[in-house]
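Okay, everyone, thanks for coming. Let me put today's structure up on the screen, and then we'll walk through it together.

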Amino acid sequence: MVELKQSEGGALQLGFAGDTFNTAYYARLEMPDSWAVDYYTCLGTDRMSDDMVAFMADNRIGVSSICRIAERQVGLYMIHLNNGERSFSYWRSNSAARLLAQDRARLRAAIDGADVILFSGITLAILEGDGADTLVEELGWARDAGKTVAFDPNIRPRLWRDQQEMLRVLEKGARAASMVMPSYDDETTYFGDASPEATIARYRDWGARDVILKNGEHGALIATAAGITPIAVEKVETVVDTTGAGDSFNGAFLARYALSGDAVEAAGRAARVAAAVIQHHGALVDPAVMPV
Ligand code: ADP
């Protein structure tokens, strides 16, 4: 999405962000150049859409699969600042991304070109018509073909018609995934899980092989075939902006896990990346501030 942010002086700054895009950005930073990170979505054919594609390409994120729909535009949100408190306005009801699952053959081609695929509950929430069903079917195919299909439920009640529908479709998404990457805060609030272990057990019941549970200052729990391993973190005391914490964790984790196959090492790195991100403003922080 396009992001408009009010600076302290009142001027508007323009950027590009969004949960899955943030994840691609951090995966790219953790990957050697010989590995590709691509982003799949639909955009418009207008100037802003061109600028977004250029921004992705500048950040070495592949854009060759992206579809363009002339009648649509990119979604937009604005961050308002009131005495340091943030609030958001959204303009996304006519966004091109809502049609990203409309052309099944195109979607299949994008998925088929990848070994690891990440989608989120926000992706599922915004899709029009039977788009969520199509996406989930195609991702189920990818999982059955041996690809890693990672799902971050990223629960945003505002995006859904009602809570029952939200929980039903999130479960469907999870059932198509081989790896689920939830945040415990959201899971206990909306699914009523009594503990992080209960969240892990629920996603395993729904078919996930791996569950990578993020838990803020408490770190993370990594559940794989080898068992459940806690990832301790040093608490960041001076948090500047938590935007992108979970997304940066996901991106770094997926990149490192693909490279090393060691989930615990990957999660340790992901936690260090997320800790750096929350000490800076914005979802996409300068690569120079990433931990070495
Ligand atoms: P989300 O942004 O999805 O809500 P979390 O708040 O769980 O995700 O944060 C994601 C990760 O960021 C955590 O698993 C942890 O590694 C790191 N993190 C978040 N808050 C802190 C903190 N205060 N101190 C240290 N690490 C943190």
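**The four-strand sheet**

Let's start with an open sheet of four strands, in the order E2-E1-E5-E6, with mixed pairing. Which strands stand at the edges? They are strand E2, residues 12–16, and strand E6, residues 85–91. Each has a single partner strand, so one side of each is left without a neighbour in the sheet. On average, neighbouring strands here are turned by 25 degrees against each other, if you ignore direction. And before I go on, please keep in mind that this is a predicted model.

Now let's go through the pairs. E1 and E2 are antiparallel, with five bridges between them. One pair to look for there is Gln6, whose bridge partner in E2 is Leu12. These two strands form a hairpin with five residues between them, and in it Gly10 takes a positive phi near 100 degrees.

How do E1 and E5 pair, in the parallel or the antiparallel sense? This time the pairing is parallel, over four bridges. If you want a spot to find on the screen, Val2 stands opposite Leu76 in E5.

Then there's E5 itself, residues 76–82, which is joined to E6 by seven bridges, and those two run antiparallel. Look for His80, which stands opposite Ser87 in E6.

There's also a helix on this sheet. Helix H2, residues 47–58, packs there and touches strand E1, residues 2–6, as well as E2. The direction of H2 makes about 60 degrees with that of E2.

**The six-strand sheet**

Okay, on to the other sheet. This open sheet has six strands in the order E7-E8-E9-E10-E11-E12, again with mixed pairing. Strand E7, residues 116–120, and strand E12, residues 227–231, are at the edges with a single partner strand each, so one side of each has no neighbour in the sheet.

Inside the sheet, strand E10 (210–214) and strand E11 (220–224) run antiparallel, joined by four bridges. Lys214 has Ala220 in E11 as its bridge partner.

What about helices here? Helix H6, residues 163–176, lies across E7, strand E8 (148–152) and strand E9 (179–180), and runs at about 155 degrees to E8. H9 lies across E7, E8, E9, E10 and E11, at about 145 degrees to E10. Remember H9, as we'll meet that helix again in a moment.

**Around the ligand**

Last stop, the ligand. How many residues surround the ligand? There are 17, and the closest are Ser183, Gly216, Gly219, Val236 and Gly246.

Let's zoom in on some atoms. Ser183 has a polar side-chain atom 2.6 Å from an oxygen atom of the ligand. Gly216 uses its backbone instead: a polar atom there is 2.8 Å from a ligand oxygen. With Val236, a backbone N or O atom lies 2.8 Å from a nitrogen atom of the ligand.

And how much of the ligand does the protein cover? On its own, the ligand has 560 Å² of accessible area, and the protein covers 82% of that.

Which elements give two or more residues to this shell? They are helix H9, residues 245–260, and helix H10, residues 263–277. H9 gives the most, with three residues. So the helix that lies across E7, E8, E9, E10 and E11 also gives the most to the shell around the ligand.

Sorted by class, the shell has eight nonpolar, five polar and four charged residues.

That's my tour, thanks for listening!

Terms used
Residues are numbered from 1 along each chain as its sequence is written. This is a predicted model: local features need pLDDT of at least 70, side-chain atom pairs count only at pLDDT 80 or more; totals for chains, interfaces and linings use all residues. Side-chain values use heavy atoms; hydrogens and water are left out. A residue is near a molecule or strand if one of its heavy atoms lies within 4 Å of it. A polar contact is a pair of N or O atoms within 3.5 Å; within protein, one must be able to donate a hydrogen and the other to accept it, and residues adjacent in sequence count only if both atoms are side-chain atoms. Accessible areas come from the Shrake-Rupley method with a 1.4 Å probe; for residues, only the protein chains shown count as cover. Ala, Val, Leu, Ile, Met, Phe, Trp, Tyr, Cys and Pro count as nonpolar, Asp, Glu, Lys and Arg as charged, and the others, Gly among them, as polar. Two strands pair if DSSP finds at least two bridges between them. Axes are lines fitted to C-alpha atoms, for helices over the stretch in contact, and angles run from 0 to 180 degrees between N-to-C directions. Contact means heavy atoms within 4.5 Å.
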